[in-house]
Amino acid sequence: MNNIGKLLEEVIAKYSSDDIPFQTTDIHLVVSADKKVIEAQDDDGGFISDCDIDDCTDLPNEEFNNRITTLVRGMLSPMTEQINNMSIYKPFSFVLEDAEQNHLSEVYIVDDDTCILGGDLLHGLEVELDDFLSKLMKE
């Protein structure tokens, strides 16, 4: 999974400058199990870099997504200082998405005095909102 580390280093390098901070709010890591590729994109879907992933593409979708999330978090963890010094307005995050760009996980969130490497901040919120709206519609 050394390829993922190189991909993340390329993303960090792109956004590491002393100039005016970039307007990007998220780094999108789009994972395609079929193509065996992770592609890093900016907010506008602009290509930053990509890498091959071969080690876990034979896993079922849910296991694959969990494995990739764990791998990316593991690679980002030792890069905390470089990520915090990226020239992007805060807050920003690294977001893992599937090939159709459906949200899978927020793998790393950076704010001025907070960095979160781990699970989603609002885990289960979508289900709670759906339940709430369903109850409102019934009333």
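Of the 139 residues of this chain, 37% count as buried, where buried means under 20% relative accessible area, exposed means over 50%, and partly exposed is in between (1.4 Å probe, protein chains only). This is a predicted model, in which local features need pLDDT of at least 70 and side-chain atom pairs count only at pLDDT 80 or more, while totals for chains, interfaces and linings use all residues. Residues are numbered from 1 along each chain as its sequence is written, and side-chain values use heavy atoms, with hydrogens and water left out.

**Overall layout**

- The chain has 4 helices and 6 strands; these are DSSP runs numbered from the N terminus, with helices (H or I) of at least four residues and strands (E) of at least two.
- Following the sequence, you will meet them in the pattern α-β-β-β-α-α-β-β-β-α.
- About 8,600 Å² of the chain is exposed, and carbon and sulfur atoms supply 47% of that area; accessible areas come from the Shrake-Rupley method with a 1.4 Å probe, and for residues only the protein chains shown count as cover.
- Among contacts between residues at least 6 apart in sequence, 51% join residues at least 24 apart; a contact means heavy atoms within 4.5 Å.

**Strand S4 and its neighbours**

- A good place to start looking is strand S4 (residues 92-98): 7 of its 7 residues are buried, so the strand is largely enclosed by the rest of the structure.
- In a regular strand the side chains alternate between the two faces of the sheet.
- In S4 both faces are covered, with Phe92, Phe94, Leu96 and Asp98 buried on one side and Ser93, Val95 and Glu97 buried on the other.
- Strand S1 (residues 26-32) runs parallel to S4, joined by 6 bridges; two strands pair if DSSP finds at least two bridges between them.
- Within that pairing, histidine 28 has valine 95 of S4 as its bridge partner.
- Strand S5 (residues 103-110) pairs with S4 in the antiparallel sense, over 6 bridges.
- Here serine 93 has isoleucine 109 of S5 as its bridge partner.
- S4 and S5 form a hairpin with 4 residues between them.

**Aromatic rings**

- How many aromatic pairs does the structure hold? There are 2, counting rings of Phe, Tyr and Trp (its six-membered ring) whose centres lie within 6.5 Å; planes under 30 degrees apart count as stacked, over 60 as edge-to-face and the rest as tilted.
- Tyrosine 15 and phenylalanine 22 have ring centres 4.8 Å apart and planes at 85°, so this pair is edge-to-face.
- Tyrosine 15 is buried at 1% relative accessibility, whereas phenylalanine 22 is partly exposed at 30%.
- Phenylalanine 94 and tyrosine 108 are also an edge-to-face pair, at 6.2 Å centre to centre with 90° between the planes.
- Because phenylalanine 94 lies in S4 and tyrosine 108 in S5, this pair ties together parts that are 14 residues apart in sequence.
- Phenylalanine 94 is buried at 0% relative accessible area, and tyrosine 108 is buried at 1%.
- Tyrosine 15 has a further partner: the charged end of lysine 14 sits over its ring, 5.6 Å from the centre. That label applies if NZ of Lys or CZ of Arg is within 6 Å of the ring centre and within 35 degrees of the ring normal.

**Helix H2**

- Helix H2 (residues 61-76) has 16 residues and reaches 22 Å from its first C-alpha to its last, close to the 22 Å expected at 1.5 Å a residue. The expected span is 1.5 Å times one less than the number of residues.
- Its buried residues are Phe64, Asn65, Ile68, Thr69, Leu71, Val72, Arg73 and Leu76.

**Loops worth a look**

- Most residues other than glycine have a negative phi, and most peptide bonds are trans.
- A cis peptide bond joins lysine 90 and proline 91, with omega of about 5°; proline 91 lies in the loop between helix H3 (80-84) and S4.
- Serine 87 lies in the loop between H3 and S4 and is buried at 7% relative accessible area.
- Leaving aside residues up to four places away in sequence, serine 87 touches Tyr15, Ser17, Asp19, Ile20, Pro21 and Phe22.
- Lysine 36 is not a glycine, although its phi is positive at about 60°. It lies in the loop between S1 and strand S2 (37-41) and is partly exposed at 37% relative accessibility.
- Glutamine 101, in the loop between S4 and S5, has a positive phi of about 65° although it is not a glycine, and it is partly exposed at 42% relative accessible area.
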